Amino acid sequence: MQVKPIKEITDFLNGIAEPMGVEIVDVEWDDKAAALTVYIETEAGVDLDTCEKFHNAIMEPIDSLDPTYDKPYTLNVSSPGLDRPFKTKRDFERNLLKEVEIKLFAPLKGKKYLEGVLTGFDENAVTVKTAAEEIKLPRNKIAKINKAIKFE
């Protein structure tokens, strides 16, 4: 099914999200399910009520945008999840000086998994302070980086 560019959809939705204090983290199209999923974040976190409010706020406006050129589709609004990988500069900014988990493509000093505090980043590398040292990792060596999940 033909769908408008994700950037166009995201830019359109940002105009609704920003005044509501909602950040659009990602927008995905699933061709098999004919579903458009909007992943959101807020400073206070995302719960079912937040998703429902945002879904209701975008339902009619997005139909006026007509992202599927008059074809039926399902609109979903969701939290990105605790373990979602960092994709954008904003993801890294939001988690600067916070604990992160890093999975590497190949072992570094015998380890493919690191945990530490994100102390810096740029488009080429990520710097993490582990219990033992501060390490600068090239991004192309990182399979996944996400917020550390701690259960107490």
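**Figure 1. Strand β6 is mostly covered in this predicted model.** Strand β6 spans residues 125–129. Four of its five residues are buried. On one side, β6 pairs with strand β5, residues 111–121. The pairing is antiparallel and runs over four bridges. Within this pairing, V117 stands opposite K129 of β6. Three residues lie between β5 and β6, and the two strands form a hairpin.

**Figure 2. Strand β6 also forms a hairpin with β7.** Here four residues lie between the two strands. Strand β7 covers residues 134–138. Five bridges join β6 to β7, and the strands run antiparallel. Look for two facing pairs. V126 stands opposite L137 in β7. V128 stands opposite I135 in β7.

**Figure 3. Five strands build an open antiparallel sheet.** The order is β7-β6-β5-β4-β8. Which strands stand at the edges? They are β7 and β8, the latter made of residues 142–147. Each has a single partner strand, so one side of each is left without a neighbour in the sheet. Ignoring direction, neighbouring strands of this sheet are turned by 40° against each other on average.

**Figure 4. F86 and F92 form an edge-to-face aromatic pair.** The structure holds two aromatic pairs. In the pair of F86 and F92, the ring centres lie 5.3 Å apart. The angle between the ring planes is 80°. That pair counts as edge-to-face because its angle is over 60 degrees. F86, F92 and F121 together form one aromatic cluster. Are F86 and F92 buried or exposed? F86 has a relative accessible area of 11%, so F86 is buried. The value for F92 is 3%, so F92 is buried too. The cut-off for buried is under 20%.

**Figure 5. F92 touches residues from distant places in the sequence.** F92 sits in helix α3, residues 89–94. Leaving out residues up to four places away in sequence, F92 touches F86, L118, F121, V126, R139 and I145. R139 deserves a second look. The charged end of R139 sits over the ring of F92, 4.2 Å from the ring centre. For a sense of scale, compare F92 with G15. They are 77 residues apart in sequence. In space, their C-alpha atoms are 23 Å apart.

**Figure 6. Three strands form an open sheet with mixed pairing.** The order is β1-β2-β3. Strands β1 (23–30) and β3 (74–78) stand at the edges. Each has a single partner strand, so one side of each is left without a neighbour in the sheet. The twist averages 20° from one strand to the next. Strand β2, residues 35–41, runs parallel to β3. Five bridges join β2 and β3. One facing pair is L36 and L75, with L75 in β3.

**Figure 7. Helices α1 and α2 both meet the three-stranded sheet.** Helix α1, residues 6–17, lies across β1 and β2. Helix α1 runs at about 145° to β1. Helix α2, residues 48–65, packs on the sheet and touches β1, β2 and β3. The direction of α2 makes about 145° with that of β3.

**Figure 8. The largest nonpolar core has 18 residues.** In soluble globular proteins, nonpolar side chains tend to be buried together. Which members touch the most other members of this core? They are I9, L13, V38, F54 and I58. Elements α1, β1, β2, α2 and β3 each supply at least two residues of the core. Helix α2 gives the most, with five residues. Now take L13 as an example. Leaving aside neighbours within four places in sequence, L13 is in contact with I24, V38, F54, I58 and I62. Apart from this core lies another core, of 13 residues. Its members include F86, F92, L104 and V126.

How values were computed
Residues numbered from 1 in each chain as written. Predicted model: local features only at pLDDT ≥ 70, side-chain atom pairs only at ≥ 80, totals over all residues. Heavy atoms only, no water. Buried < 20%, exposed > 50% of the residue type's maximum accessible area, 1.4 Å probe, protein only. Pairing = 2+ DSSP bridges. Axes fitted to C-alpha atoms, helices over the stretch in contact; angles between N-to-C directions. Contact = heavy atoms within 4.5 Å. Phe/Tyr/Trp six-rings, centres within 6.5 Å; stacked < 30°, edge-to-face > 60°. Lys NZ or Arg CZ within 6 Å of the ring centre and 35° of its normal. Core = buried A, V, L, I, M, F, W, Y, C linked by side-chain atoms within 4.5 Å.
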